[in-house]
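Me: I have a model open and want to go through it. Can you take some questions?

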Amino acid sequence: MSVTKNDVEYVAELARLSFTEKEKHELIGDLNSVLGYIEKLNELDTKDTDIIVNPYYIENKFREDEVEPSMELKYVLENAPQILEEYIVVPKIIE
Amino acid sequence: MELHKLKAHELKKLINSKEVKVEEVTNAFFNRIDTTDDKIGAYLYKAKEEAILNAKRLDNKLGAEGKLEGLGGVPVAIKDNISVKGMQNTCGSKILEGYISPYDATVTERIKSSNGIILGKLNMDEFAMGSSNENSAYKKVINPWKKEYVPGGSSGASAAAVAAFESPLTLGTETGGSVRQPSSFCGVVGLKPTYGRISRYGVTAFGSTLDQVGTIGRDVEDCALLTGAIAGIDKMDFTTVNTPVQDYSKSLIKDIKGKKIGIPEEYFGEGLDDKVRKCIDEAIRVLEDNGAIVKKISLPLTEYSLAAYYIISSAEASSNLARFDGIRFGHRSKDALDAIDIYTKSRSEGFGKEVKRRIMLGTYALSSGYYDAYYKKALKVRNLIKQDFAKNFEEFDILVSPTSPSTAFKFGEKTEDVLSMYLSDVYTVPVNIAGLPAISVPCGFVNGLPVGLQFIGNYFREDVLFNMAYSYEASTDWHKKSAVIE
């Protein structure tokens, strides 16, 4: 498998990133170099191996569903790029 | 008396015997930071006013209660991806410039309730992605031992600040070696605990099945002190485990008679610097002299760890970093035309090169048609690597190896070749894949740069790690060497 310019553009779209032509060219090289190195995993037979996501078994932890005070709105809004009263302002998405 | 040169446990003692005030200690470190940090570049934010207020409060508390338990009034500096209420949390990235944490991470809360003083926030590779701190969007961090050399990464400033006496204790984070590798490069003690030992609530996520908060100090006792103060179950992080936290102070004994040490031969192969190898061989002899039984072992899957790591960590990062979209917090592009454009432009302007590279790698690995070949394959290899370790821990108490194949490298030396940079973590990453605890301890110098000795323990056996590391340290003088800031 080799990464092409089309792949870079497709993945960039998925990741919501944009790149200049020069950056795309560099990314093709970098991704192929790293993915080439990763190919070595195929030397291992994992046909009968299960996946593990976490390093060890994690049990579900349950707690009572109790109402607790949450963070004050003003602290959240202070970090927002643009606000109006109690709302975060974003561009119109419906005509 | 130069207070900033004292270790945390020494300061705690002096404070509790009322020979010095918490306020004096706090001031001493800010004086040190003011005179030295221009040359080091460790701090991104100094919280002097708040720290002095807290110091005064603790001095009053000591006066009233006669004793300061836990951290005992000792300062701690915190990596800038761990939330401290009211302080910035840039993660070393422009995308979070101006953001103020509205809450404390659990580890922050525990430092505060354990009578610690928070000095400020420390520089890092952007979103903890990097092995040299060269990926910080703000400034570079200098290795206190030699100014032309990197401090390691991504917690490069957390290690450098301790080595440069700018804080006795620091917190870093690890996804793949990011506490141990810089600790090795800067000649300090750094612990990566078992996955689930320390809460990540309030810590900016990178690779969620790998991330852990790590502790750094100038000796094993200091590292154990800080670890004990923050470890344990947390209802805000469901991956934390309800296994009791041992009293690590009981591990600080020299006796390791009969303890079985495995030496994984794969960690001594091609790529290991010969002079580093000599230091490690010498260290193993010290452990033998102290009564440990040493035997060579094999971890045949070691060479696959890094490949599995880059898939798993990048895939998880691409998902975790989706939250930085310019809408609710962080950088929002001024030039965006519509909603989608806000995402793309804000992210493209806000993220640095390495972060974008990893998001691209991770998104590619998770994209349709490639998921099985990359991500699923890496998770299967993860299982095999875990089994590799588990087999050996049936027989051995601990594994010993170098922390990194070489000492610190020069600025710019590995920035062109992505893979060569990644390879500096080849001995640290397997531990993250398996979720095991490990510690790096100073064990010598090569051309004036520190070498790190790595101990790898079984799950939740930080007590054994501290015992072995302490035994080694008590028999050597490396931890007493100080960097002279050029």
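Me: What share of the 95 residues of chain A count as buried?
Reply: 31% of them. Keep in mind that this is a predicted model.

Me: And what secondary structure does chain A have?
Reply: Three helices and two strands. Along the sequence the order is α-α-α-β-β.

Me: What is the radius of gyration of chain A?
Reply: Chain A has 23 Å, whereas a compact globule of 95 residues would have a value near 12 Å. Its C-alpha atoms fill a box of roughly 55 × 45 × 25 Å along the principal axes.

Me: Switching to the interface. How many residues does each chain put into the contact?
Reply: Chain A puts in 52 residues and chain B 67 residues. Together the two chains bury about 5,400 Å², with 69% of that on carbon and sulfur atoms.

Me: How many salt bridges between chain A and chain B?
Reply: Four. One salt bridge joins the side chains of Asp30(A) and Arg357(B), at 2.7 Å from N to O. For polar contacts, the count between the two chains is 20 residue pairs, both residues at pLDDT 80 or more.

Me: Which helices of chain A supply at least two residues of the side that touches chain B?
Reply: Helix H1 (5-15) and helix H2 (21-38). H2(A) gives the most, with nine residues.

Me: What is that side of chain A made of, by class?
Reply: There are 32 nonpolar, eight polar and 12 charged residues on the side of chain A that touches chain B.

Note on methods
Residues are numbered from 1 along each chain as its sequence is written. Chains are lettered from A and ligands numbered from 1 in the order in which they are written. This is a predicted model: local features need pLDDT of at least 70, side-chain atom pairs count only at pLDDT 80 or more; totals for chains, interfaces and linings use all residues. Side-chain values use heavy atoms; hydrogens and water are left out. Contact means heavy atoms within 4.5 Å. Buried area is the accessible area (1.4 Å probe) that two parts lose on being put together, summed over both. A polar contact is a pair of N or O atoms within 3.5 Å; within protein, one must be able to donate a hydrogen and the other to accept it, and residues adjacent in sequence count only if both atoms are side-chain atoms. Helices (H or I, at least four residues) and strands (E, at least two) are DSSP runs, numbered from the N terminus. Ala, Val, Leu, Ile, Met, Phe, Trp, Tyr, Cys and Pro count as nonpolar, Asp, Glu, Lys and Arg as charged, and the others, Gly among them, as polar. The radius of gyration is taken over C-alpha atoms; the globule rule is 2.2 Å times the number of residues to the power 0.38. Buried means under 20% relative accessible area, exposed over 50%, partly exposed in between (1.4 Å probe, protein chains only).
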